[in-house]
Amino acid sequence: MYQNIAETMKTQMQPVMELAESNKATMEKLANLQKETMTEVVSASMQQIKALSECKDPKSAMELQTAFYKDLLAKMTNTSEQSIAAMNSAKETFSAAVEAAAKKTTADVEAAVNKVSGK
């Protein structure tokens, strides 16, 4: 009896465990993206400061700043796209798990009703 209850709980909790794993993987990916991006931005900023300190005229400084911000925009856009992709993947996993759980619950309820009604 206890083994049946334990087995039932394990089966019923499987979608929750899958969602937890999906969320964990998504958060790890997002954290790594953030860490990598911040490391790159800090490094690029330090290089930019060094390059700017060596500029002799305002025009070359403006060109350096323009190039720096274009690169920064590209990095941020890439990071944003990867973050959105990770979150969309997690959303799809969540939707699929909820849909599967709803179908299983519907089937279980129908089976219980049929059992009780003698069908």
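Here is a short chat between a colleague and a modeller about the two helices and the pocket of this predicted model.

Colleague: Before we start, what pLDDT do local features need?

Modeller: Residues are numbered from 1 along each chain as its sequence is written, and side-chain values use heavy atoms, leaving out hydrogens and water. This is a predicted model, where totals for chains, interfaces and linings use all residues, side-chain atom pairs count only at pLDDT 80 or more, and local features need pLDDT of at least 70.

Colleague: OK, how far does helix 2 reach from its first C-alpha to its last?

Modeller: Helices here are DSSP runs (H or I, at least four residues), numbered from the N terminus. Helix 2 covers residues 58–117, which makes 60 residues. The expected span is 1.5 Å times one less than the number of residues, giving 88 Å for helix 2. The model comes close to that, at 86 Å.

Colleague: Which residue caps the N-terminal end of helix 2?

Modeller: Look for a polar contact, meaning a pair of N or O atoms within 3.5 Å; within protein, one must be able to donate a hydrogen and the other to accept it, and residues adjacent in sequence count only if both atoms are side-chain atoms. The backbone nitrogen of Lys59 has a side-chain oxygen 3.3 Å away. Ser60, in helix 2, also joins in, with its side chain 3.0 Å from the backbone oxygen of Asp57. The capping residue is Asp57.

Colleague: And at the other end, what phi does Gly118 take?

Modeller: Gly118 sits just after helix 2. Its phi is positive, at about 85°.

Colleague: What do the buried residues of helix 2 pack against?

Modeller: Buried means under 20% relative accessible area, exposed over 50%, and partly exposed in between (1.4 Å probe, protein chains only). In helix 2 the buried set is Ala61, Phe68, Thr79, Ser83, Ala86, Ala90 and Ala97. Their packing partner is helix 1 (2–53).

Colleague: Take Ser83: which residues is it in contact with, leaving aside neighbours within four places in sequence?

Modeller: Ser83 counts as buried because its relative accessibility is 17%. Contact means heavy atoms within 4.5 Å. By that test, Ser83 is in contact with Leu30 and Leu33.

Colleague: Is Thr37 buried or exposed, then?

Modeller: Thr37 belongs to helix 1. Not counting residues up to four places away in sequence, Thr37 touches Met76 and Thr79. Its relative accessibility is 7%, so Thr37 is buried.

Colleague: How far apart in space are Gln34 and Ser83, C-alpha to C-alpha?

Modeller: Gln34 is in helix 1 and is partly exposed because its relative accessibility is 47%. Along the sequence, Gln34 and Ser83 are 49 residues apart. In space the value is 9.0 Å.

Colleague: On to the largest pocket: what is its volume?

Modeller: On a 1 Å grid over the protein atoms alone, a pocket is an open set of points where a 1.4 Å probe fits, with protein on both sides within 12 Å along at least five of seven lines. Grid points are joined across faces, edges and corners, and the volume is the space filled by probe spheres set on the points. For the largest pocket that comes to about 230 Å³.

Colleague: Which helix gives the most to its lining?

Modeller: Lining residues have an atom within 4 Å of a point, and among them are Val16, Leu19, Ala101 and Lys104. Helix 1 and helix 2 each supply at least two. With seven residues, the biggest giver is helix 2.
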